[in-house]
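Me: Hello! Please walk me through this model one question at a time, and explain the terms as they come up.

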Amino acid sequence: NFSLEGRTYVVMGVANKRSIAWGIARSLHEAGARLIFTYANERFEKPVRDLVSTLEGQDALFYECDVTNDEAVDATFQQIGNDVGTIHGLAHCIAFADKEDLKGEFVDTSRDGYLLSQNISAYSLVAVTRAAKPLMTEGGSIVTMTYLGGERVVQNYNVMGVAKASLDASMKYLANDLGKNNIRVNGISAGPIRTLSAKGVGDFNTVLKQIEEKAPLRRTVTQEEVGDTAYYLMSDLSRGVTGEIIHVDSGFNILG
Ligand code: 0WD
């Protein structure tokens, strides 16, 4: 039985209906999960609540959580613990870099720009995993969102590629630490999808077109397809899988 009925998952990073986090939320909802949403600041509260109100029968909870602030992260998960007790997993769908660092040459990246993207896009996984761990008393599954630009050079991805490399390595070290608690940690490497964050990447349309022309499946992927892989990673179907990166990218990563 691979239903998520009776399980609770935290989804971090819904900004709007195009967000990958929203695709994940819908897949987990359809599998019967109870959902908890966190957003970076109060600006996102109403839009996120409005979106979630479209999920029939979902008794969701909402919390503000700026992942750059350790106290905020700890306080959020403490509050979640008080409100629901045990959680069974967490979807980390958060990244940020200055737009000016997502074009031109990587060599021009400033120290501040580099550290900012590492802070929000990579260290945040460590901080939220540490805070969520005490709530995963029955074991659990943590899923983070990564991209091919962390494995090899992708034009314009620059500072975010380096942040994803750091995120990927952090995911593996966390998987090693938390395995003894029966908590699995994995990444989904999604192909390019048009979202708010993707707007910041220079020449994104060319990236999408390249997938349509060259990827084995000859099409881009959807938030729903990423969501269903997250569902697999949250469910017991994937119980032997940890420290892994699954590419949901129409096969683009196999090309030389
Ligand atoms: O092509 C794509 N869209 C891909 C995205 C391909 C492969 C991977 N990804 C990754 C992204 O790098 C990111 O890790 O998927 C994840 C989700 O990205 P998304 O769905 O493309 O982007 P979006 O809908 O913009 O959500 C990202 C959210 C932020 O939205 P805002 O509007 O605030 O930029 O990350 C969150 C925020 O909700 N976020 C934060 N959350 C908490 N604290 C923070 C913060 N400090 N900063 C950003």
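Me: Which residues in helix 5 meet helix 4?
Reply: From helix 4, the residues involved are Gly113, Tyr114, Ser117, Gln118, Ser121, Ala122, Leu125, Val126 and Thr129. Contact here means heavy atoms within 4.5 Å, while helices (H or I, at least four residues) and strands (E, at least two) are DSSP runs numbered from the N terminus. Their partners in helix 5 are Val159, Met160, Val162, Ala163, Ser166, Leu167, Ser170, Met171, Leu174 and Leu178.

Me: How many nonpolar residues does the contact of helix 4 with helix 5 have?
Reply: Ala, Val, Leu, Ile, Met, Phe, Trp, Tyr, Cys and Pro count as nonpolar, Asp, Glu, Lys and Arg as charged, and the others, Gly among them, as polar. In this contact no residue is charged and 7 are polar. The nonpolar residues number 12.

Me: Before we go on, where do the numbers come from?
Reply: This is a predicted model, in which local features need pLDDT of at least 70 and side-chain atom pairs count only at pLDDT 80 or more, while totals for chains, interfaces and linings use all residues. Residues are numbered from 1 along each chain as its sequence is written, and side-chain values use heavy atoms, leaving out hydrogens and water.

Me: Are helix 4 and helix 5 roughly parallel or roughly antiparallel?
Reply: Axes are lines fitted to C-alpha atoms, for helices over the stretch in contact, and angles run from 0 to 180 degrees between N-to-C directions. The axes of helix 4 and helix 5 (residues 158-178) come within 9 Å and cross at roughly 20°. Angles under 35 degrees count as roughly parallel, over 145 as roughly antiparallel, 65 to 115 as roughly perpendicular and the rest as oblique. Helix 4 and helix 5 are therefore roughly parallel.

Me: At what angle do helix 3 and helix 4 pack?
Reply: Asp70, Val73, Asp74 and Phe77 of helix 3 touch helix 4 residues including Tyr123, Ala127 and Arg130. This contact has 7 nonpolar, no polar and 3 charged residues. Helix 3 (residues 70-84) and helix 4 (residues 111-132) have axes 9 Å apart, at an angle of about 35°.

Me: In what order do the strands of the open sheet stand?
Reply: Two strands pair if DSSP finds at least two bridges between them. Strand 1 (residues 8-12) and strand 4 (residues 89-92), for example, pair in the parallel sense over 4 bridges. The open sheet has 7 strands with parallel pairing, in the order 3-2-1-4-5-6-7.

Me: Which strands stand at the edges?
Reply: An edge strand here has a single partner strand, so one side of it is left without a neighbour in the sheet. The two strands at the edges are strand 3 (61-64) and strand 7 (245-248).

Me: At about what angle does helix 7 run to strand 6?
Reply: Helix 7 (residues 223-234) lies across strand 1, strand 4, strand 5, strand 6 and strand 7. With strand 6 (183-190), the angle is about 165°.

Me: Is helix 1 oblique or roughly parallel to helix 7?
Reply: The axes of helix 1 (residues 20-30) and helix 7 come within 7 Å and cross at roughly 55°. That makes the relation of helix 1 to helix 7 oblique.

Me: Which side chain meets that of Asp236 in a salt bridge?
Reply: A salt bridge is a side-chain nitrogen of Lys or Arg within 4 Å of a carboxyl oxygen of Asp or Glu, and the whole structure has 7 salt bridges. In this one, N to O is 2.9 Å. Asp236 lies in the loop between helix 7 and strand 7, and its partner, 229 residues apart in the segment before strand 1, is Arg7.
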